[in-house]
Amino acid sequence: MSLFGNGSGIAVLSLQTGEPQVPYVGASVRQVEHVLSLLRGRSGKLVDLGSGDGRIVLAAHRCGLRPAVGYELNPWLVALARLYAWRAGCAGSVCYHRKDLWKVNLRDCHNVSVFLAPSVLPLLEGKLQAELPEGARVVLGRFPLPTWQPVAVVGEGLDRVWAYDIHSGGPTGQAAPAPSSAFVPRAPDPQAG
């Protein structure tokens with residue numbers, strides 16, 4: 001592995017694939033709440049790219065997004081996510097795959113959650129635009145997509161989350177609304193049974 005940075009973040013380049021990889025930093029409870037608030041009322045498949053310990057997948061499943069699938073390259077985090085799902089009684093209802101997010105086909109995904117370093121987001125924009133179907137929603141935590149305009153923004157600081165909708169010509173949206181600090185119901189704790 002080798003490290004590189006572009007001034008806005010650090011990523012890890014895999015020597016095997018040459019694709020950017022990012023270090024794991026788990027989503028906070030507040031970030032999970034914000035993701036769920038931007039997916040409220042939606043249906044269809046949820047995919048979490050770089051799903052870490054699986055907390056977003058598990059919370060989305062509990063909120064009715066099905067199937068809920070996580071893709072994570074780190075085998076230890078995949079095992080931890082599966083353990084949390086088992087402890088929550090959802091092991092047969094959610095899926096976690098050890099797979100490079102750059103190799104995941106998104107053509108049937110209607111809801112996508114992503115928490116990645118800013119240095120990989122320009123590459124991710126191209127993948128999302130090329131693969132997501134019309135009507136899909138992408139929710140990013142910590143950092144926005146560099147060239148897309150969000151349709152909604154919730155939270156402040158590191159807990160801020162951005163939503164982007166895909167339409168026939170690609171991503172669209174209006175100017176970002178002011179950050180909200182309104183109360184959002186708490187997301188389920190991934191470690192709760």
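A residue is called buried when its relative accessible area is under 20%, exposed when that area is over 50%, and partly exposed in between, with a 1.4 Å probe and only protein chains considered. Helices (H or I, at least four residues) and strands (E, at least two) are DSSP runs, numbered from the N terminus. The model studied here is predicted, so that local features need pLDDT of at least 70 and side-chain atom pairs count only at pLDDT 80 or more, while totals for chains, interfaces and linings use all residues. Residues are numbered from 1 along each chain as its sequence is written, and side-chain values use heavy atoms, with hydrogens and water left out.

**Exercise 1. Describe the protein as a whole, beginning with its helices and strands.**

Step one is to list the elements: the protein has four helices and 11 strands. Step two turns to burial, and here 49% of the 193 residues are buried. Step three looks at contacts (heavy atoms within 4.5 Å): of those between residues at least 6 apart in sequence, 63% join residues that are at least 24 apart.

**Exercise 2. Find which residues of helix H2 are buried, and state what covers them.**

Begin with the extent of the helix, which spans residues 55-62 and is mostly covered, six of its eight residues being buried. The buried residues are Ile56, Val57, Leu58, Ala59, Ala60 and His61. Next, look at the cover, which includes the helices H1 (29-39) and H3 (75-87) as well as the strands S4 (46-49), S5 (68-72), S6 (94-98) and S7 (111-114). Finally, follow the chain just past H2, where Gly64 takes a positive phi of about 100 degrees.

**Exercise 3. Locate Ala27 and list the residues that it touches.**

Ala27 belongs to the loop between strand S3 (20-21) and H1, and it is buried, with a relative accessible area of 7%. Leaving aside residues up to four places away in sequence, Ala27 touches Val32, Arg55, Ile56, Phe115 and Arg142. For one of these, Ile56, the C-alpha atom is separated from that of Ala27 by 8.0 Å, although the two residues are 29 apart along the chain.

**Exercise 4. Explain why H1 can be called largely enclosed, and examine the salt bridge between Arg30 and Glu33.**

First, count the burial: nine of the 11 residues of H1 are buried, so the helix is largely enclosed by the rest of the structure. Among them are Gln31, Val32, Glu33 and His34. The cover over the buried residues of H1 includes H2, together with S4, S7, S8 (137-141), S9 (152-154) and S10 (161-167).

Second, take the salt bridge (a side-chain nitrogen of Lys or Arg within 4 Å of a carboxyl oxygen of Asp or Glu), which joins the side chains of Arg30 and Glu33 at 2.7 Å, N to O. Because these residues are three apart in helix H1, about one helical turn separates them. Arg30 is partly exposed at 27% relative accessible area, whereas Glu33 is buried at 4%.

**Exercise 5. Follow the salt bridges of Lys45 and Arg137 across the chain.**

A search of the whole structure finds five salt bridges. In one of them, the side chains of Lys45 and Asp108 meet at 3.3 Å, N to O. This pair links distant parts of the chain, 63 residues apart, with Lys45 in the loop between H1 and S4 and Asp108 in the loop between S6 and S7. Lys45 is buried, with a relative accessible area of 14%, while Asp108 is partly exposed at 42%.

In another, Arg137 bridges to Asp165, the closest N and O atoms being 2.6 Å apart. Since Arg137 lies in S8 and Asp165 in S10, the pair ties together parts that are 28 residues apart in sequence. Both Arg137 and Asp165 are buried.

**Exercise 6. Work out how S8 is placed among its partner strands.**

Start with burial: five of the five residues of S8 are buried, so the strand is largely enclosed by the rest of the structure. Arg137, Val139 and Gly141 point one way from S8, and Val138 and Leu140 the other way.

Then consider pairing (DSSP finds at least two bridges between the strands). S7 and S8 run parallel and are joined by four bridges, with Ser113 having Val139 as its bridge partner in S8. S8 and S10 instead pair in the antiparallel sense over five bridges, and Val139 stands opposite Ala163 in S10.
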